[in-house]
Amino acid sequence: SGNQYMEKHHLIPLKYYNQFDNYLDDISNIISICPICHRLLHAGKKEIAISVIEKLLEKNKERLKRAGLYISLEELEKMYFN
């Protein structure tokens, strides 16, 4: 249609739900990103994806903490690239 839109993305991937006491499908773990960035996170070059993940985590760290979701950049990188 040519309309611009955003996609939702779970910053902490849902497949790691068993590593957290709190619910990962919480609004605090869902971010809106453009389709290009979304594809980059799932299938882009590691170096570029890491820089995006770092920015997203920094921007959303307080929201995650308020929901009881604590994660370091290193832990998050392992989830995306292991």
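Guide: Relative accessible area is read in three classes: buried is under 20%, exposed is over 50%, and partly exposed is in between, with a 1.4 Å probe and protein chains only. This is a predicted model, in which local features need pLDDT of at least 70, side-chain atom pairs count only at pLDDT 80 or more, and totals for chains, interfaces and linings use all residues. Residues are numbered from 1 along each chain as its sequence is written, and side-chain values use heavy atoms, with hydrogens and water left out.

Visitor: Which class does E62 fall in?

Guide: E62 is partly exposed because its relative accessible area is 47%. The residue sits in helix α2; helices (H or I, at least four residues) and strands (E, at least two) are DSSP runs numbered from the N terminus. Its C-alpha atom is 9.0 Å from that of S28, 34 residues apart along the chain.

Visitor: How many disulfides does the structure have?

Guide: A disulfide is a covalent bond between the sulfur atoms of two cysteines. The criterion here is a pair of cysteine sulfur atoms within 2.5 Å. Searching the whole structure gives zero.

Visitor: Why is C34 not bonded?

Guide: The closest cysteine sulfur, in C37, is 3.5 Å from that of C34, so the two are too far apart for a bond. C34 counts as partly exposed at 28% relative accessibility, and C37 counts as partly exposed at 29%.

Visitor: Which residues have the most contacts inside the largest nonpolar core?

Guide: In soluble globular proteins, nonpolar side chains tend to be buried together. A nonpolar core is a set of buried Ala, Val, Leu, Ile, Met, Phe, Trp, Tyr and Cys residues joined through side-chain atoms within 4.5 Å. The largest one has 20 residues, and L11, I12, F20 and L76 have the most contacts inside it. Strand β2 (30–33) and helices α1, α2 (46–66) and α3 each supply at least two residues of this core. The largest share, five residues, comes from α2.

Visitor: What is F20 in contact with, leaving aside neighbours within four places in sequence?

Guide: With contact meaning heavy atoms within 4.5 Å, the partners of F20 beyond those neighbours are I12, L69, Y70, I71 and M79.
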